[in-house]
Amino acid sequence: MHLLHQRGRLHDLADDPAAYDAVLTGVTETALARLTPEGNLENPAAGDDIGDTSLGVTSLLVLAWHRGKDPRLPEAVRRSLRFHLRERVFTEDNPGYPNLTARDSGLPYARYVLEPGAHPIGDWPSTVWALLQAVNVLDAADGLVDDEQYRELLGVAGGYWRWLTEATVFNPQDAANQAIGCVVGGLMLARHLPPEEGESVRQRALRLYVEEIRARRVRDRGAPLPPEHGGAYDNNYGPISLSFLAQAHRVSGEEVFAQDGDTLARYIDARVCGSGFDLGGPRYSEQHSAFESVLGLRYFGRRIGADIGRYAGDSRWARHAVGADGGVDGHFAFMLVWQIQDAPGWHRTPSTAPVCHQLRSGTVTVSFDDRMTPSVIEAGGTALIAAAVNRQHGFGPVIGPAADGFLLCRPMGAVRVADHRVGGLAAKLVTKPVVGRDHVLRRVRSLYVTDGTRLWMTVIVERLGGERYLLAGMPYVTADGDRFRRVSDLPLVVAAGELRLTHPAEGSPDSFDARSELSQQEAAFALAADPRGYGDPDAGWRHVRTTSALEVGPSADSPEGLDVFAVRYGAVAAEPLDVVCERGEAGEGLVVRGGVFTAVLGGPDKYGEPGLTLAVG
């Protein structure tokens, strides 16, 4: 089976003017065929996320007219704009909406579902999207929209802004992408208002960003990030926030948006595999956005000099949203407008600067979590995610039998990281103090070395004794053209000690068998506390008791007093693994030889930082 949503790197999509004109031509033909006598441009198959969609298609037609001057479009734009102003602007409170701070305000808003009281919780983001569609139309109204329609639309847009910031709780879903989008709407609206009123709206938007969004950032992997639905980052919404930060910087020039966008972009660069595969989020573990992310990934990829456009998006939404029938949908159309206006292309060259939470070279990636334990290892086209033993998730040495083992990967003190690159090799040494059930403090040293096609992982710890092994990950997906295909084995791996691939016993509770037809996201949602789509799959996944797992025994020739676990990913087992670990001449350091590399793990310097030197051969 294939993953449903990760369907190819976004920077592989053509983004030249001719490609975008072809997209707009397709939208035009679909829209003109769909346009009802009343002016409705909504996808007939749509039922939710609908309050902004007709206006979104209108905004695309406005852009198409300015680029191609199709004579059929002016009347279609005016008629569809009349439809939105007449049929999709609501001023009576939606029954059951829980987030009002002013009842019966009479201010306009957009509905997530048209039926009164059907699903009012989505009205806040729907009104943000409607505001953004409106300001895009206002920006390009010249020559298409008469003065009366312009003034009416401007009044509705101003009402949307007031409803969002005066009549309701701001950002009620704790979703930064929606909140930053609201700020962008205010910044764009301000340019259409008289100077004094416009400056007031602009300053209000900036204050909301600083006080309600930036001040509430949460940290993950050392980076302060805008929170998405209660978590630090979400595979779907995080890159959308990046696009809103890009647009905020484009329209305001305020440095705070550039700084925060750079931080989020570097974080994305550090967590995403070279293939574009990623995993994890408080709302969606595997569902990736596509065209909604393009602006931010492209804009900030250029700024930080990294190929974050390798992010694997959903090609079914590669240009614009589509309905259940596959037809164009106006939802989030403002993102397509903005990315077309952002003329410069992609930065496609990887950054070579070492970063704390990733080791990447060629086709090899190790992405580390907050504890500097790998969250994903990718080599040989296959990605392994953290395995679980006895409800403990990660990569690392395990003491005791698999059913009751204790995983030594959670740090009890400062984690130290050292990087070294030489020739075609790149290495990272992670040293962390850990405590087992016996309360003994041990030092786990994990050395990762790659030549761009293979990865050597060598884990060294004081002699554990008894039953012990290295939890070396769970094979999860492999690259299959532009898709990722689920796997349950990994032929491209070899170990110095005994290597085995284990699976949970059939019927084991709270377990994940990589041979099953479930995706990680589906399994995680099944264990989440709330319904699918609202629960936290990351939290659900933490309830998994055990998973399929690669297990590696200790090397037979480990130095006295040490256990050494050595494994290589990315090359067939027929290529021998000749990793040797020896004590250095000075007594404290260790020398690890792996055929193509020699690494010296020195003792800590005067600041307590570990030494790492790397040589070819």
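This report walks through the pockets, the nonpolar cores and two unusual backbone positions of the structure above. Please keep in mind that the model is predicted.

**Pockets**

Let's begin with the open spaces. Rolling a probe the size of a water molecule over the atoms shows where empty space is left. The table sets out the two largest pockets.

| Pocket | Volume | Lining residues | Nearest the centre |
|---|---|---|---|
| Largest | about 1,100 Å³ | 39 residues | Asp49, Tyr112, Tyr237, Tyr284 and His331 |
| Second largest | about 810 Å³ | 27 residues | Arg221, Asp369, Ser375, Asp538 and Arg542 |

If you follow the wall of the largest pocket, which is lined by 39 residues, you will find that helix 4 (123-139), helix 6 (176-190) and helix 8 (237-252) each give two or more residues to the lining. Sorted by class, that lining holds 16 nonpolar, 15 polar and eight charged residues.

The second largest pocket has 27 lining residues. Two or more of them come from each of helix 9 (255-271), strand 5 (374-379), strand 8 (392-394) and helix 13 (537-541). Strand 5 is the top contributor here, with three residues. The lining of this second pocket is made up of ten nonpolar, eight polar and nine charged residues.

**Nonpolar cores**

Now to the packed side chains. The largest nonpolar core has 110 residues, and Phe244, Phe257 and Trp338 have the most contacts inside it. Trp338 is a handy place to start looking: leaving aside residues up to four places away in sequence, it touches Leu132, Asn136, Val184, Met188, Phe244, Gln247, Arg250 and Leu295. Apart from the largest core lies another one, of 32 residues, including Leu359, Val366, Leu408 and Val430.

**Two positive phi angles**

Asp49, one of the residues nearest the centre of the largest pocket, is worth a second look. This aspartate has a positive phi, near 50 degrees, although it is a residue other than glycine. Asp49 sits in the loop between helix 1 (17-34) and helix 2 (53-68). Its relative accessibility is 23%, so Asp49 counts as partly exposed.

His439 also has a positive phi without being a glycine, at about 65 degrees. You can find His439 in the loop that joins strand 12 (425-435) and strand 13 (441-450). Is His439 buried or exposed? With a relative accessibility of 68%, His439 counts as exposed, because exposed means over 50%.

How values were computed: Residues numbered from 1 in each chain as written. Predicted model: local features only at pLDDT ≥ 70, side-chain atom pairs only at ≥ 80, totals over all residues. Heavy atoms only, no water. 1 Å grid on protein atoms, 1.4 Å probe; cavity = no way out; pocket = protein on both sides within 12 Å on 5 of 7 lines; lining within 4 Å. Points joined across faces, edges and corners; volume = space filled by probe spheres on them. Helix = DSSP H or I, 4+ residues; strand = E, 2+ residues; numbered from the N terminus. Nonpolar A, V, L, I, M, F, W, Y, C, P; charged D, E, K, R; others polar. Core = buried A, V, L, I, M, F, W, Y, C linked by side-chain atoms within 4.5 Å. Buried < 20%, exposed > 50% of the residue type's maximum accessible area, 1.4 Å probe, protein only. Contact = heavy atoms within 4.5 Å.
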